[in-house]
Amino acid sequence: MASHRKPKQRSLTSSTARAAALLALTGAASATLLDGTGHAENRLTPAQVKTKVDQYQRQAEEATERYNGAKDKADKARAALDALRDQAARRTTRLNAARNALGAFATAQYRSGTIAPALQLALSSSPGQYLQRASLAERAGNRQAALIASVGRQERKLRQVRGEAADRLAALRASQTAAAHHKRTVQQKLAAADRLLDRLTLEQRQRLLAAQDGDKAGADGTASPTAGRAARAVSYAYAALGKPYVWGATGPHGYDCSGLTQAAWRAAGVALPRTTYTQINAGRRVTRDQLAPGDLVFFYSGVSHVGLYIGDGRIIHAPRPGAPVRVASVADMPFAGAARPA
């Protein structure tokens with residue numbers, strides 16, 4: 001009886017084995033690479049973390065100023081739109097009253113059988129048609145012509161106002177879209193900075209924040225002697241010391257950098273624009289050696305930061321998220337220019 005033999009299991013060929021080994025190695029290498037990419041920032045030194053956090057916070061501040069500008073445009077567009085809508089409503093009321101007067105006059109003439117051809121045309125056609133045939137209106141009586149002309153003028157003005165309102169609405173929507181985009185950018189940059197800080201030990205984080213606060217010149221100084229509006233602006237800035245940095249805020253409970261300077265000068269009776277890159281053009285430009293208390297001092301190449309000069313080479317400013325309004329040295333940041341509000 002023939003014995004039953006188990007079928008031989010085919011062994012991997014050397015080429016197949018090499019391919020499998022290569023595949024395994026490739027997979028392991030890919031996993032290592034992806035893992036390294038996903039956690040590359042975990043391996044940063046505290047000094048590198050500080051550099052990147054500073055970078056993220058600076059980018060957030062730049063986006064904040066762009067957000068402020070877009071929001072300011074949106075606010076102005078909204079106010080203009082509301083005013084135009086109110087004007088359109090008033091003009092519609094006056095136009096309807098003029099049409100009613102014209103209709104009453106026509107009714108009276110119809111009853112007497114003396115309605116004028118020009119008036120018939122005005123009542124049975126669109127306002128534009130009878131305006132194109134002004135010669136007929138001229139042949140009507142003075143009262144008829146005046147009523148017809150009044151309706152025409154009011155129609156034209158109402159169309160103009162409605163057109164302006166449509167333009168303002170488009171501008172408002174564009175500014176709202178831009179503001180929302182910049183807001184997301186701010187939030188993303190600040191979240192990235194927070195993630196980096198969370199990877200540090202408590203001791204490392206305290207050292208990093210202490211290094212960032214190295215520009216702190218103290219909040220117990222006194223302002224250099226000054227008078228008038230500049231003195232009131234400086235006094236306001238001193239009263240804001242210790243209040244939190246809040247991006248997009250203009251007080252009284254928190255500020256971003258341009259929000260603080262705008263609020264300080266508003267308290268002095270001077271209206272400054274909302275952003276750093278517009279405030280630098282408010283008033284007269286001054287050089288660094290001409291600085292006087294109350295001047296606006298701008299920093300960084302993109303003019304993305306501003307503080308209020310208080311004398312003795314110092315400013316009061318809202319530095320960044322997590323750092324309250326404080327006194328700092330002008331020399332601690334790259335000087336970009338200065339302006340003296342009128």
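Which residues are linked in a network of salt bridges? Lys71, Asp75 and Arg78 are.

This is a predicted model, in which local features need pLDDT of at least 70, side-chain atom pairs count only at pLDDT 80 or more, and totals for chains, interfaces and linings use all residues. Residues are numbered from 1 along each chain as its sequence is written, and side-chain values use heavy atoms, with hydrogens and water left out.

**View 1. A salt-bridge network joins Lys71, Asp75 and Arg78.** A salt bridge here is a side-chain nitrogen of Lys or Arg within 4 Å of a carboxyl oxygen of Asp or Glu. By this rule the structure holds 6 salt bridges. Within the network, the side chains of Arg78 and Asp75 meet at 3.2 Å, N to O. Both belong to helix α2, where a spacing of 3 residues puts about one helical turn between Arg78 and Asp75. Helices are DSSP runs (H or I, at least four residues), numbered from the N terminus, and strands are runs of E with at least two residues. Arg78 is partly exposed, at a relative accessible area of 33%. Asp75 is also partly exposed, with a relative accessible area of 33%. Buried means under 20% relative accessible area, exposed means over 50%, and partly exposed lies in between (1.4 Å probe, protein chains only).

**View 2. Arg58 meets both an acid and a ring: Glu61 through a salt bridge, Tyr300 through its face.** The Arg58–Glu61 bridge has an N to O distance of 2.1 Å. The two residues are 3 apart in helix α2, which separates them by about one helical turn. Arg58 and Glu61 are buried. Arg58 also lies over the face of Tyr300, 3.6 Å from the ring centre. A charge counts as over a ring if NZ of Lys or CZ of Arg is within 6 Å of the ring centre and within 35 degrees of the ring normal.

**View 3. Tyr67 and Trp247 form one of the 2 aromatic pairs found in a search of the whole structure.** Their ring centres are 4.9 Å apart and their planes stand at 75 degrees, so the pair is edge-to-face. The pair links distant parts of the chain, 180 residues apart: Tyr67 sits in helix α2, Trp247 in the loop between α8 (228-239) and α9. Rings of Phe, Tyr and Trp (its six-membered ring) pair if their centres lie within 6.5 Å; planes under 30 degrees apart are stacked, over 60 edge-to-face, and the rest tilted. Tyr67 is buried, at 13% relative accessibility. Trp247 is partly exposed, at 22%.

**View 4. Tyr236 and Tyr255 pair edge-to-face.** The ring centres are 6.3 Å apart, with the planes at 85 degrees. Tyr236 belongs to helix α8 and Tyr255 to the loop between α8 and α9, so the pair ties together parts 19 residues apart in sequence. Tyr236 is partly exposed, at 23% relative accessibility. Tyr255 is buried, with a relative accessible area of 1%.

**View 5. Arg274 and Asp256 form a salt bridge between two loops.** Their closest N and O atoms are 3.1 Å apart. Arg274 comes from the loop between α9 and α10 (276-279), and Asp256 from the loop between α8 and α9. The partners are 18 residues apart. Arg274 is buried, at 9% relative accessibility. Asp256 is buried too, with a relative accessible area of 0%.

**View 6. Helix α9 (residues 257-267) is largely enclosed by the rest of the structure.** Of its 11 residues, 9 are buried. Among them are Cys257, Leu260, Gln262 and Trp265. Gly269 follows α9 and has a positive phi, near 90 degrees.

**View 7. Pro46 touches Leu200, Gln204 and Leu208, not counting residues up to four places away in sequence.** Contact means heavy atoms within 4.5 Å. Pro46 lies in helix α2 (residues 46-112). Its relative accessible area is 33%, partly exposed. Pro46 and Gln204 are 158 residues apart in sequence, but 6.7 Å apart in space, C-alpha to C-alpha.

**View 8. Arg205 lies in helix α7 (residues 202-212).** Arg205 touches Leu197, Asp198 and Leu200, leaving aside residues up to four places away in sequence. Arg205 is partly exposed, at 28% relative accessibility. Arg205 and Val49 are 156 residues apart in sequence and 9.6 Å apart in space, C-alpha to C-alpha.
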